[in-house]
Each structure stands twice: as structure tokens, then as C-alpha cells.
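Hi there,

Here is the structure I promised to send over. Have a look at it first, and then read on for what turned up.

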Amino acid sequence: MAVLQLRSALTPEERQLRQKLILRDSLALLSLFAIVIVLFFVTLALFHSFSVHRQELAQRWLKRGENALHAGHPLAAIDALRSALAYAPDDENLEIDLAEALAAAGRTDEAVAYFNTLLDTRPGNGKINLQLARLATKKGDEAEALDHYQAALDGTWEGDGYIRRREVRLELAQYLIDRKHYDRARNQLLIAAGNAPDDVSVETQVAALLESAQDPANALRLYKKALQHRPVRLTALLGASRTAYALNRFLQAKEYLERALNHADFEKEPAEVQALFRNMLSDADHILLLYPGPELNVRARAERILGNKKIAQERLAACLTTKSAVPPALQTVADRWQQLPMRLRVLQLEQDPELEQTIMQLVYQTEQVTSQQCGPPAGDNALLFKIAQAPQVVEQQ
């Protein structure tokens, strides 16, 4: 009621002036709001521009650091990566890259300390554990290296963790091979082989490591799998040839060796590699000609046995002439030969399979004993000695 009375008491000029003041104040307030909004967006734009510029500088220094590291200049890489971290202090990957550069520069203790600090904040990080494993191998700390390799296998990885873990497992296997822990290396490699994709490159890589781990049987199995891919890779043929030959599977080795020597890429191999595999094929052929296999007819097998008997007896006689006092092992072999008929004919062997077996066992024993007593054999004796290692698998496919 009082307000209405006040308004009625105002003159028209006073009411008009009052309205002008209200309008002016409203416009002033709106102007202030507009200025604040404009300043907010200008500030936001400047901040965004500054942030983008910092990111660009961080990426620029990161690129310099990576290029320096790849070029073999780790000290320059350290400086560049530290500059990158100044612009991106929360970038975890940058911190890991810097630690890797420290390791590459030979600053092992500093790198280990840096990685351990990173590991405290990321305890399950696979990449950090892998780097710590590598640093432990450089320091010769086997237990620590194995612990970190296992942690890397169990840890988390950015991107394709399956591939990263396989690579770690193969690296661990190579480390175990270098340390001559062949059984443990084989275990890791068989796990890798069991989880491997149907990829010829992976199969041949794992197979080659199995060869190094002294497991030619499983290596041959993987090489055979790799040979199922088309086009056939020379690497797989050479690996299958080596492992079949090492397993005394000479008929199988002969097949792979012939295919390898006829492969389009074989002539691209170094001369010494070509010579090695040609010699292996020659030996495999010769061994198959010496071996009295069951597929031969009775006469052919008997003729081979008599030929092998002559080779072994000549080796024994030559070995005995070098001894002033005959060792018991040599004397035992000589006595066994004396127990056989002086002159053996093909017909006798054709009619007596047990005699065939007795002679071949004595041939193998002669090659083994003379190898121990008179040094490594050569020529046909070397081939008979190789057959003697596993005569039952010579013709195995």
C-alpha cells in the first residue's frame, strides 16, 4: 500500500528518470556479463593453444629422442627425452623411454633405479618388468632376471598383449639357452608353440630355438608344420633337413635336402651354407647305401653287411696298431670278431638272419669303441658311427 502511494506520489518526470536509471544499470550489468564471457573464452582459447603448443613441443623432443636412440646416440636421446618430459611430465611412456635411453647409455644403475621407481606406481606393467629383466641379464643377476621375465609374462601390456607375451617368452627361452638351461628353455618354447598362431614365421622361429635347446624332435615337428604353408619357405626346408639328419632319419633328411637344394632361393645362400647342405645330402645318400635296410632283398642286404664288416675290421686293425698296450674295451671287441667264422660268404648270411644281426651289432660296437680309443672316425667309418647312434630310425619317415 505504501509502495502504491509512493508511486502515485512520483511525478511523470521522476518516473521516466527512474526507468532510465534501471535500464542503464541493466545494460551495464549485461555488458559486464558479456565481457566476462568473452574473457573466459579468450582465456580458454589461450590455455588450449598453450596446451597444444606444449604437446607439440613434447612430441617434437620425443621424436628427436627416438631418432637419437635409433641412431645409437643414447646421451643425446636422454637430453631430448628429458626436455620432452618437461612439457609432458605425466606421460608414462615418456618416462619409460627415458629409462630405456639411460640403459642404452650404459647407465645401468641409474636405469634400474628409474625403472624401479616407475614399477612402484605401476606394479603390473609388463614393459617395465621386461626392461628390468634385460638390465638384470646385463648385471649377470640370473635370479632377478628370471623373476622379472616371469612378471613381464604375467603383467599387463598396452596393445596386443598376446603378441607381446609371446615375444617375451621367446626372449626368455633364448636367455635360458644362453645359460644352458635347456630343459627350462624347452618348456617355455613348447608353451609358445602350443599357443602360436598358424604363422610360418612364428613356427620357424620357435623351431630354430628348439634346435638350439637341443630338442630336434619337436623342432622337426614344427618345421613340418611350417612346410604345409604355401609357398614353401627355404628356411623351413633347411631346418627340417638339419633336424631329420640330427635324428638319424636319413631317408627323411634326403627328401628335405633334395627339396632344399632345388628351391629357387637356395643359390642365394652363402657358399659355405650351400656346401654344408650338399655335403649332408651326399652323406645321407652314402649312409642309405651302407645301411642294410629291411626293404632290401636277402642277397643285397647280406652284401652290405659283409661290406660294413670289412670297413669296421679295417678300422679296428688300424686302431690296434697304435696301442702298445691294448685297452680292455678294444680287446673285447677284437675277441668278439675272433669268435665269428674266419670267412663269411653271402650265402651264409642269407640263410642265417641272426648272424646278420650279430655282425651289424659288432660293426656298430667297433665304430663306437674305436671312436673312444683312437679318435673321431672319418669316411665310411664316420658314417657307420653315425648309424650306430640310432640304427633303428635311419629309414624312418
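**Aromatic pairs and a buried glutamine**

Tyrosine 175 counts as buried, because its relative accessibility is 10% and the cut-off for buried is under 20%. Please keep in mind that this is a predicted model.

That tyrosine is a good way into the aromatic pairs. Searching the whole structure turns up two of them. In one, tyrosine 149 and tyrosine 175 have ring centres 6.0 Å apart and planes at 40°, so the pair is tilted. Tyrosine 149 sits in helix H7 (residues 142-154) and tyrosine 175 in helix H8 (residues 161-178), so this pair ties together parts that are 26 residues apart in sequence. Tyrosine 149 is buried as well, with a relative accessibility of 3%.

The other pair joins tyrosine 245 and phenylalanine 250: their ring centres are 5.3 Å apart and the planes lie at 80°, so this one is edge-to-face. Is phenylalanine 250 buried or exposed? At 0% relative accessibility, phenylalanine 250 counts as buried. Its partner, tyrosine 245, is also buried, at 12%.

Finally, a polar residue you may like to look at: glutamine 188, which belongs to helix H9 (residues 182-195). Its relative accessibility is 13%, so glutamine 188 counts as buried. Which residues does glutamine 188 touch, leaving out those up to four places away in sequence? The contacts are Leu153, Arg169, Leu172, Ala173 and Leu176.

Happy viewing, and do write back with any thoughts.

Best wishes

Note on methods:
Residues are numbered from 1 along each chain as its sequence is written. This is a predicted model: local features need pLDDT of at least 70, side-chain atom pairs count only at pLDDT 80 or more; totals for chains, interfaces and linings use all residues. Side-chain values use heavy atoms; hydrogens and water are left out. Helices (H or I, at least four residues) and strands (E, at least two) are DSSP runs, numbered from the N terminus. Buried means under 20% relative accessible area, exposed over 50%, partly exposed in between (1.4 Å probe, protein chains only). Contact means heavy atoms within 4.5 Å. Rings of Phe, Tyr and Trp (its six-membered ring) pair if their centres lie within 6.5 Å; planes under 30 degrees apart count as stacked, over 60 as edge-to-face and the rest as tilted.
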